[in-house]
Amino acid sequence: MENGKKIVLSGIQPSGIPTIGNYVGALRNWPLLQGEDRLCYYCVANLHAITVKQDPDVLRQNTLSLVALLLACGVDPKRSVVFVQSDVKEHCELSWVLNCSTYMGELGRMTQFKDKSSKHADNINAGLFTYPVLMAADILLYQSDIVPVGEDQRQHIEICRDIAIRFNKNHGDIFTIPEGYTPKVGARVMSLQNPAQKMSKSDPNPNGFASIIDTPEAIQKKFRKAVTDCDGVVRYDPENKPGVSNLLAIYTSFTGMSMAEAEARFAGENYGALKNGTAEAVIEGLKPIQAEYSRLMGSVDYLHEVMEDGARRASEAAARTVKRVYAAMGFNA
Ligand code: AQP
């Protein structure tokens, strides 16, 4: 809590252009969480992004573009604190302290580490392993009460809670214990090419994901190529029909229909109609965001002002926590 307001914290990596998975699982909920009784911190997590190799110029451009996208999705930088993670040095400072109270065994159980180390076998770096500790630092620095995330990040919220509870037990009541918040619909959008895998913005196969700023033609094309099955019936059954079920889930996420309504809408139709209908719903849903995004990308100075103001406000809150942590550790504070 800060001045009687609940604290909300969430982040997104500039590791590519956000997908419709990032959008329905996270970004579109961010503006909805802004309210009189809450203070939201929304962070472009570029320190997390370098756990995988990044081209510095592309990372810089993706960072700017992500700030524009957050605003285009409805995040208001006056009501919320929009900032870039590396602009607030306390993330690294707290992360080191927390590293020293996190066990290797806990980190070794993280599915994301296992997934990413198999995808990037040539670069299994220590940062990939300690990623959840940096994420715990992101959350605990702001004394966050609520952390909205997609399903894939739930395990990281659990380890963050374990780290905070242990730290408080050993060093006094320093951290607020956060709660994860996962949306009911769209918490796990799957790849269009491999519905057993979640949709990811860094997927090397561009047909696996639709990005928030893809053109209508690209979206149509990607959905047309989406993997389905050969049984020909439009029915929601994630276990036996993962591709079709993923399309139906995306369709409901963008239209607001229930699954039963969506199934009824496509009853007796072929997969072509489902693919086309889903692509249309996505294109329509993204239209206003894409227009606002283009407008904002024409105001680079304004985007830099937003980042600077966000960094200043985030640093103030983060410094308060680090001061308490350092004092508790026996450091000069
Ligand atoms: N497929 C998804 N469905 C629903 N939610 C998702 N999120 C990610 N993928 C899906 C949610 O988006 C937020 C930001 O994610 P992130 O950028 O911090 O990292 P990530 O979870 O690793 O996302 P990506 O797209 O898969 O990035 P890369 O390819 O770089 O690893 C989080 O709240 C996440 O849950």
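**Contacts and pocket of the ligand**

Me: What makes the pair formed by a polar side-chain atom of N22 and an oxygen atom of the ligand a polar contact?
Reply: The two atoms lie 3.2 Å apart, and a polar contact is a pair of N or O atoms within 3.5 Å, so the pair qualifies. The model is predicted: local features need pLDDT of at least 70, side-chain atom pairs count only at pLDDT 80 or more, and totals for chains, interfaces and linings use all residues. Residues are numbered from 1 along each chain as its sequence is written, and side-chain values use heavy atoms, leaving out hydrogens and water.

Me: Which polar atom of S202 lies 2.4 Å from an oxygen atom of the ligand?
Reply: A side-chain atom of S202 does. From G21, a polar backbone atom is 3.2 Å from a nitrogen atom of the ligand. The protein buries 97% of the 640 Å² that the ligand exposes when taken alone (Shrake-Rupley method, 1.4 Å probe).

Me: How many residues surround the ligand, and which are the closest?
Reply: There are 23 (each with a heavy atom within 4 Å of the ligand), and the closest are S15, D152, S200, K201 and S202. By class, 6 of the shell residues are nonpolar, 12 polar and 5 charged. α1 gives the most to this shell, with 4 residues.

Me: Why does the radius of gyration of the protein chain agree with a compact globule?
Reply: The radius, taken over C-alpha atoms, is 20 Å. The globule rule, 2.2 Å times the number of residues to the power 0.38, gives a value near 20 Å for 333 residues, so the two agree. The C-alpha trace spans about 70 × 45 × 40 Å along its principal axes.

Conventions
A polar contact is a pair of N or O atoms within 3.5 Å; within protein, one must be able to donate a hydrogen and the other to accept it, and residues adjacent in sequence count only if both atoms are side-chain atoms. Helices (H or I, at least four residues) and strands (E, at least two) are DSSP runs, numbered from the N terminus. Ala, Val, Leu, Ile, Met, Phe, Trp, Tyr, Cys and Pro count as nonpolar, Asp, Glu, Lys and Arg as charged, and the others, Gly among them, as polar.
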